[in-house]
Amino acid sequence: MAANDTISDMLTRIRNACLVKHPTTEVPSTRMTRSIAQVLKEEGFIADYEEHSEGVKKNITISLKYKGKNRQPTIHTLKRVSKPGLRVYSNRKELPRVLGGIGVAVISTSKGIMTDREARRQGIGGEVLCYIW
């Protein structure tokens with residue numbers, strides 16, 4: 001299935017897989033989805049990700065992370081902020097804090113995809129892609 005918004009597609013696939021407690025999920029591989037998966041891994045929301053190709057088509061297999069005896073997902077909420085129809089930008093002074101710093105905002109900056117904390121530390125703003133907590 002071709003998706004115009006690969007980021008929303010990726011977040012929806014992860015959200016749906018977490019709801020039914022799948023161990024892994026697959027998303028189409030793009031430079032953006034690889035970068036977001038890297039940020040999710042660094043922040044501890046997913047266990048790991050692995051890129052593989054089937055002919056021309058490249059996919060990323062994301063290993064989801066659960067905690068506790070009854071396997072509660074590490075990711076509670078994934079919320080897309082900037083959409084193709086309405087882009088949301090933020091300068092370095094107005095970078096959002098998600099749940100007072102508990103959550104993470106994924107920001108697309110001129111220096112790559114990073115968290116709001118990292119962008120604040122480097123003193124740069126950018127497009128607010130999504131919130132995760």
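These legends go with close-up views of a predicted model.

**View 1. Helix α1 meets helix α2.** Here we look at the spot where α1 (residues 6-19) and α2 (residues 31-42) come together, their axes passing within 10 Å of each other and crossing at roughly 45°. That angle makes α1 oblique to α2, and the crossing is right-handed. On the α1 side, the contact is made by T6, I7, M10 and I14, while α2 brings in M32, T33, I36, A37 and L40. Sort the residues of this contact by type and you get 7 nonpolar, 2 polar and no charged.

**View 2. N59 and its surroundings in strand β3.** N59 sits in β3, the strand that covers residues 57-64. With a relative accessibility of 7%, N59 counts as buried, because the cut-off for that is under 20%. The side chain of N59 isn't idle: it makes a polar contact with the side chain of E26, at 3.3 Å. Setting aside neighbours within four places in sequence, N59 is in contact with E26, V27, P28 and S29, and also with E50, E51, H52 and E54.

**View 3. E127, a glutamate in strand β10.** Strand β10 spans residues 126-132, and E127 is part of that strand. Buried or exposed? E127 has a relative accessible area of 12%, so this residue goes down as buried. Once neighbours within four places in sequence are left out, the contacts of E127 are S82, R87, V88, Y89, V106, I107 and S108.

**View 4. V20 and K21, side by side in the loop after α1.** Both residues belong to the loop between α1 and β1: V20 is there, and so is K21. V20 counts as exposed, at 54% relative accessibility, whereas K21 is partly exposed, at 34%. For a sense of scale, the C-alpha atom of V20 is separated by 29 Å from that of R97, a residue 77 places away along the chain. K21 has a backbone quirk too: its phi is near 60°, a positive value in a residue other than glycine. Most residues other than glycine have a negative phi.

**View 5. L99 in the loop between β7 and β8.** This loop links β7 (89-90) with β8 (104-109), and L99 has its place there. Which sign does the phi of L99 have? The value is positive, near 50°, and L99 is a residue other than glycine. At 47% relative accessibility, L99 counts as partly exposed, because exposed would take over 50%.

Methods: Residues numbered from 1 in each chain as written. Predicted model: local features only at pLDDT ≥ 70, side-chain atom pairs only at ≥ 80, totals over all residues. Heavy atoms only, no water. Helix = DSSP H or I, 4+ residues; strand = E, 2+ residues; numbered from the N terminus. Buried < 20%, exposed > 50% of the residue type's maximum accessible area, 1.4 Å probe, protein only. Polar contact = N/O pair within 3.5 Å; in protein donor to acceptor, adjacent residues only side chain to side chain. Contact = heavy atoms within 4.5 Å. Axes fitted to C-alpha atoms, helices over the stretch in contact; angles between N-to-C directions. Parallel < 35°, antiparallel > 145°, perpendicular 65-115°, else oblique. Left-handed = near helix turned anticlockwise from the far one by under 90°. Nonpolar A, V, L, I, M, F, W, Y, C, P; charged D, E, K, R; others polar.
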